[in-house]
Amino acid sequence: MPVTTSEYATDATGANDDSVTESHGTVDTVVIGGGAAGLNGALMLARSRRSVVVVDGGTPRNAPADGVHGLLGLEGVPPADLLSRGREEVRGYGGEVVAGEVISAVPAAPSAEGDPRFTVTLADGGVLRARRLLVATGLRDVLPDVPGLARHWGHGVVHCPYCHGWEVRDEPIGILAVGPASVHHALLFRQLTDDLVYFTRGTGLGEESRARFAARDIRVVDTQVAAVESTQDGRVAGVRLTDGRIVARRVLAVATSMRARTEGLAGLNLPMRDLPDGMGRHFATGPAGTTPVRGVWVAGNATDVSAQVGASAAAGALAGAHINADLATADTEAALAAGLG
């Protein structure tokens, strides 16, 4: 069966270890997920003087990577450093970041004025009550079931030419095909190296695509892949085929299946959408991360699987601003109702 890369992620929260207790009362917003989207959403809310708690599960998608790339002003920053700075910025405006795993998030009875309420339960027994939820759980990359592949994830095995391309430029690169999306994947990586091999892995490759590959000097290997071989010092050595041959490669690129993290969120009944060709599944949202569930927004890779760190952070900020505006309207309606009473 395919391998989920979260099996190789490490805890990188740096969040407080204290259990969440009822002492929080009802907070304006609980943010589920402590990555770029969640933290930037929390930052916008905290700067608007909203009470906000971020629940950080500690397994960011990019934990294996050496650096974050394509992020203006922070090019190459280690992922753990970026998140650490983000947590401190949120805390600096009065927000709270706690380490925890959400096992349940469900609607609760609304206020007397009809304002939404939610109950969020954590694995340690802690309970949070919130007026709004921002779901920023991110996604998991699921790798094809090729022996020896997963151990190199984030280093010798990459998926994004924009996230990792410069770092693997001019290396002998192999594309492990998973379906039609891999054809375009190969053309993008061809920009980065003159030595590119496309392993079809039984996915089929039409004559038109073969002609395009030939025009770009991309070698095609139709023999099935048996395993990824490693060097003694733990790097990618090459791809072993079922006929025993080994095609030497230093880097392998694979288009992963990208699946939004949904653990603990079933009670919200958020709509999901499948990507074409089995390439993944994500939350279906409207503008600014809105959902059909009143009071719930989704931001980042959980709804936009192609978003890099900068785009995810921007989406979190936009969702946070919309949540604050929604709360402001609710506060005004409640004040008006109280005055009329």
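A word on burial before the close-ups: buried means under 20% relative accessible area, exposed means over 50%, and partly exposed is in between (1.4 Å probe, protein chains only). The model is predicted, so to speak of local features takes a pLDDT of at least 70, side-chain atom pairs count only at pLDDT 80 or more, and totals for chains, interfaces and linings use all residues. Residues are numbered from 1 along each chain as its sequence is written, and side-chain values use heavy atoms, with hydrogens and water left out.

**View 1. R91 and E88 pair up within helix 2.** Here the two side chains meet in a salt bridge, with N and O 2.8 Å apart. The term stands for a side-chain nitrogen of Lys or Arg within 4 Å of a carboxyl oxygen of Asp or Glu. Both residues belong to helix 2, which covers residues 79–92, and they sit three residues apart, about one turn of the helix. (Helices are DSSP runs of H or I with at least four residues, strands are runs of E with at least two, and both are numbered from the N terminus.) R91 is partly exposed at 22% relative accessible area, and E88 is partly exposed too, at 48%.

**View 2. R249 forms a salt bridge with D195.** The closest N and O atoms of this pair are 3.0 Å apart. R249 comes from the loop between strand 15 (246–248) and strand 16 (251–253), while D195 comes from the loop between helix 4 (181–190) and strand 11 (196–199), so the bridge ties together parts that are 54 residues apart in sequence. Is R249 buried or exposed? R249 is buried, with a relative accessible area of 6%, whereas its partner D195 is partly exposed at 33%.

**View 3. R245 meets D243, and other salt bridges join into a network.** The side chains of R245 and D243 come together with N and O 2.8 Å apart. R245 is partly exposed at 40% relative accessibility, and D243 is partly exposed at 44%. Elsewhere, D28, R50, D115, R117, R131, R132, D326 and D331 are linked by salt bridges into a network. How many salt bridges does the count come to? The count is 19.

**View 4. Strands 13, 14 and 15 make an open, antiparallel sheet.** The three strands are ordered 13-14-15. Two strands are said to pair if DSSP finds at least two bridges between them. Strand 13 (225–230) and strand 15 are the edge strands, each pairing on one side only. From one strand to the next, the twist averages 25 degrees (axes are lines fitted to C-alpha atoms, for helices over the stretch in contact, and angles run from 0 to 180 degrees between N-to-C directions). Strand 14 (residues 236–241) is joined to strand 15 by three bridges. Which residue of strand 15 is the bridge partner of V239? That partner is V247.

**View 5. Five strands make an open, parallel sheet.** Read across the sheet, the order is 9-16-10-11-12. Strand 9 (157–158) and strand 12 (219–221) stand at the edges with a single partner strand each, so one side of each has no neighbour in the sheet. Strand 9 runs parallel to strand 16, and two bridges join them. V158 has A253 in strand 16 as its bridge partner.

**View 6. T303 and T291 are two buried threonines.** T303 lies in the loop between strand 20 (296–298) and helix 6 (309–340) and is buried at 14% relative accessible area. The T303 side chain makes a polar contact of 2.7 Å with the side chain of T285. (That means a pair of N or O atoms within 3.5 Å; within protein, one must be able to donate a hydrogen and the other to accept it, and residues adjacent in sequence count only if both atoms are side-chain atoms.) Leaving out residues up to four places away in sequence, T303 touches H282, F283, T285 and V298 (contact means heavy atoms within 4.5 Å). T291 is in the loop between strand 19 (280–283) and strand 20, and counts as buried at 15% relative accessibility. The T291 side chain reaches the backbone oxygen of V296 at 2.8 Å and that of V293 at 3.2 Å. With the same sequence cut-off of four places, T291 touches L270, T285, V296, W297 and V298.

**View 7. Residues 6–13 have pLDDT under 50.** pLDDT is the predictor's confidence in each residue, from 0 to 100. The protein's mean is 92, and 93% of its residues reach 70 or more. Residues 6–13 stay under 50, with 18 contacts beyond four places in sequence. Residues 17–22 are below 50 as well, with eleven contacts beyond near neighbours in sequence. Where pLDDT is low, the predicted coordinates should not be read in detail.
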